[in-house]
Each structure stands twice: as C-alpha cells, then as structure tokens.
Amino acid sequence: MKPASPSLGNLFLSTALCLVGVTGFGAETLKTVVPFSMGVGISDQIFERPQDWPLLTSQFSYVTPENSMKPAAIQAQPGAWSFAVPDHFVEFARAHDLKVVGHCLVWAKDDRTPSWFSKEGDQPASRELLLERMKAHIESVVGRYRGKIAMWDVVNEALDDGAGYLRDSCWSRACGEEFIAKAFAYAHAADPEAMLIYNDYNNELEGKRQSMIRLIESLRAQKIPLHAIGLQGHYELDSVPFEALEKTLQAMRAMKMKVVISELDIDVIPRGRWWADNGAEREALSKHNPYAQGCPPEILQRQAAQYAQLFRLFNKYSDTIARVSFWNLHDGQSWLNDFPWKRDNHPLLFDRNGVPKPAYHEVMRVFQP
Ligand code: GLA
C-alpha cells in the first residue's frame, strides 16, 4: 500500500512535536513571537552546560558574553591579550546559529578600566596616550571579530548618576566627551557593518535621560556613527520605572534612535540601602537570603505581571526597539545570586532547572493573547 503523503498540517504538527521533544518547548518561543530580536547574556559556563543549550537556542537569537570581552578580561596588561575564551564564545555562537553582541570596548569607570590604561608612570595618562591606547584596543578587538560580531556595546556607563553630565573617570578627566566620539569612530572604522551601541543603567530616568539626549545630539552633530542606545534594565520588583521608560522610548522614537534593552532582569529581593556606608546594616543584609528554599508563588506572580507589563510596553515601541536581552539564561546563573551580596535569587523567566516560570507564560501571553 502506498503511504499517504503528509499534509502540510501534519508536517507542521510533527515538526512542532519534534521541537517539543528536543527543547521541551513548543514551536512558539520568545524569539518566534516577539516583534524584535531576543537575546541573553551568558557566562563561559555555557560551554560545559549542554543541558542549557536547547533552552538557549530555542528562545534566543543573540548572545552577549557576560565578562570575557570586557577590557579588564581581554587586555589585563598592555598587549597581553586573552582571546582564547572570547574566540571560543564566538565559535560557540556560530556553531549554534546565534548572533553575538560584543560587550564592551570602553567601560568608562575607573574601577572597570585596567589601571595600566590610565597611567603614564605614576602620573595620569595624557589625553593623547589614552586615546592611542583606546584606538589600539578597539582596532585589535573589533578587527579580530569583524563580520562575526553583529552589535557592539562600544561605551558602557559613561554618564553621571547625579546632576553632572559625564561620570568622573580617567576618560572624562583627560578627554571630556571626546573619548566617546573617538570610541565609536574607531569601532566603526574597524567594522563598518556592526551596530554600535551606547549602553548605560538608569538612563531611562529623568536626569540621566537628559544627559543621554545631550550625548546623542552631540554625537549626531559630529556625524559619529551611534546606532542604538542600550538601556540595561536591571530592575527591582515593585519599582520598575514604567513611566520613565515610556517617556524615554517616546523620546528615542521622536529622535529616530534605536533602543536595545540590553541586560534585563527583575530582582525579587529588595536591595535595601546596600550602598549605605553602614557596617551593621551591611552585615545584616549580607545574611539576608529569604528565598533560599524557593520563591513564594505570590512573588512569582507579581514578577510575572510586571514582566508582562514591560513587554506590553516594548511591544508598543517595537518600531524603536531592536533587541531585548536578558542578563543571563536562568535563575541559577544570574549575577544577582552574588550581587550585592550572596543569596538565592529568582530574577529571570526560567528557574534553576531551565523550567519556564509564571513570568515566561505571562510574557508569551502578551504576544499570543
Ligand atoms: C553592568 C555591566 C554588565 C555586568 C552587570 C552585572 O550592567 O554592563 O557587564 O557587569 O553590570 O553583571
């Protein structure tokens, strides 16, 4: 007997079943339902965790190396390049059909810039020397991965948290705003195809938003290739700044500036005044680990509702948002298990076993009502 030829519907069903079998998810996942690209920051542990690969590749299409391309990791000493891990990362991404976001070329904070960069003997490096070192760094790193890295966080965290314009750092002290313009120009020369991003935290909030707009206008006036703004999006439960975020998205849309949400998570453990210089308080906080045995369902529901509200907003500005990336794959791998102190955190869409949490289902419902 001649076997019946499979109908398109049957073919679709068997493909979907096959996907469920391989990944544990249906044919519809984050990356297939949202109208922008979905990405995630991942650590080097990913190479040794094949159990995480189906989750990664079924849900996301962009990956950012969490640490290995940062200036202090890639060139800790002048000319002592550490390319092994980043090379492995880029190859891993290629083999899994994932695009790479490079992170980051200049991290404009003194404690995040390798100290040799900013010194000339025991004096601060001059403007010329700093720019020369920056140029060599960017040419080497961006040039090495030319055509293999789709987007670069070119400058990270250069804006001041207070009333000032630029954060005080070896960069701003020696060069003012010029170091930002130069970093973008060097990156563009090294890979003219890459999307170049300015990345920061709290830049959706009132004061910093104004500084960011000033920076965009200034770079545009100089014809510097800035292609997108990164809003890191490290939020805390019950204080996600929805209104400020919407104002920022409106402003970016009006300026025809693309936005990426670059490092999204919603911390469920209030951070309190972790930054306060108060020994006793810090000591008490450092022992605070309320959800070591698991996150209570009502917290997970609140988190789900707030994630859904965020994605409804992103959907409304899908003409402006180019990508949304989470900062790590699942709760077990989040940096928030170690920052600001060690605790068991639950900030992402997938639990420690990679199982979708209520937040995942609520986000999916935004796009498949
Ligand atoms: C900032 C940086 C990231 C990462 C996070 C915390 O947001 O941009 O690279 O270090 O802090 O992990």
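The following exchange concerns the cysteines and the ligand site of a predicted model.

Colleague: How many disulfides does the count come to?
Modeller: A disulfide here requires a pair of cysteine sulfur atoms within 2.5 Å. The sulfur of Cys104 is 13 Å from the closest cysteine sulfur, that of Cys170, which is too far for a bond. By this rule, the number of disulfides is zero.

Colleague: Is Cys295 buried or exposed?
Modeller: The term buried applies under 20% relative accessible area, whereas exposed applies over 50%. Cys104, with a relative accessible area of 0%, is buried. Cys295 has a relative accessibility of 13%, and therefore Cys295 too counts as buried.

Colleague: Where does the ligand sit, and in what pocket?
Modeller: The residues around the ligand include Lys70, His103, Trp107, Gln232, Trp327 and Trp335, and the shell as a whole divides into three nonpolar, four polar and three charged residues. As for its location, the ligand sits in the largest pocket.

Colleague: What share of the accessible area that the ligand has on its own does the protein cover?
Modeller: Polar side-chain atoms approach oxygen atoms of the ligand at several points: one in Glu263 lies at 2.4 Å, an N or O atom in the side chain of Asn156 lies at 3.0 Å, and one in His234 lies at 3.2 Å. Of the 300 Å² of accessible area that the ligand has on its own, the share covered by the protein is 88%.

Technical notes. Residues are numbered from 1 along each chain as its sequence is written. This is a predicted model: local features need pLDDT of at least 70, side-chain atom pairs count only at pLDDT 80 or more; totals for chains, interfaces and linings use all residues. Side-chain values use heavy atoms; hydrogens and water are left out. Buried means under 20% relative accessible area, exposed over 50%, partly exposed in between (1.4 Å probe, protein chains only). A residue is near a molecule or strand if one of its heavy atoms lies within 4 Å of it. A polar contact is a pair of N or O atoms within 3.5 Å; within protein, one must be able to donate a hydrogen and the other to accept it, and residues adjacent in sequence count only if both atoms are side-chain atoms. Accessible areas come from the Shrake-Rupley method with a 1.4 Å probe; for residues, only the protein chains shown count as cover. On a 1 Å grid over the protein atoms alone, a cavity is a set of points where a 1.4 Å probe fits but cannot get out, and a pocket is an open set with protein on both sides within 12 Å along at least five of seven lines; lining residues have an atom within 4 Å of a point. A molecule sits in a cavity or pocket if more than half of its atoms lie within 2 Å of its grid points. Ala, Val, Leu, Ile, Met, Phe, Trp, Tyr, Cys and Pro count as nonpolar, Asp, Glu, Lys and Arg as charged, and the others, Gly among them, as polar.
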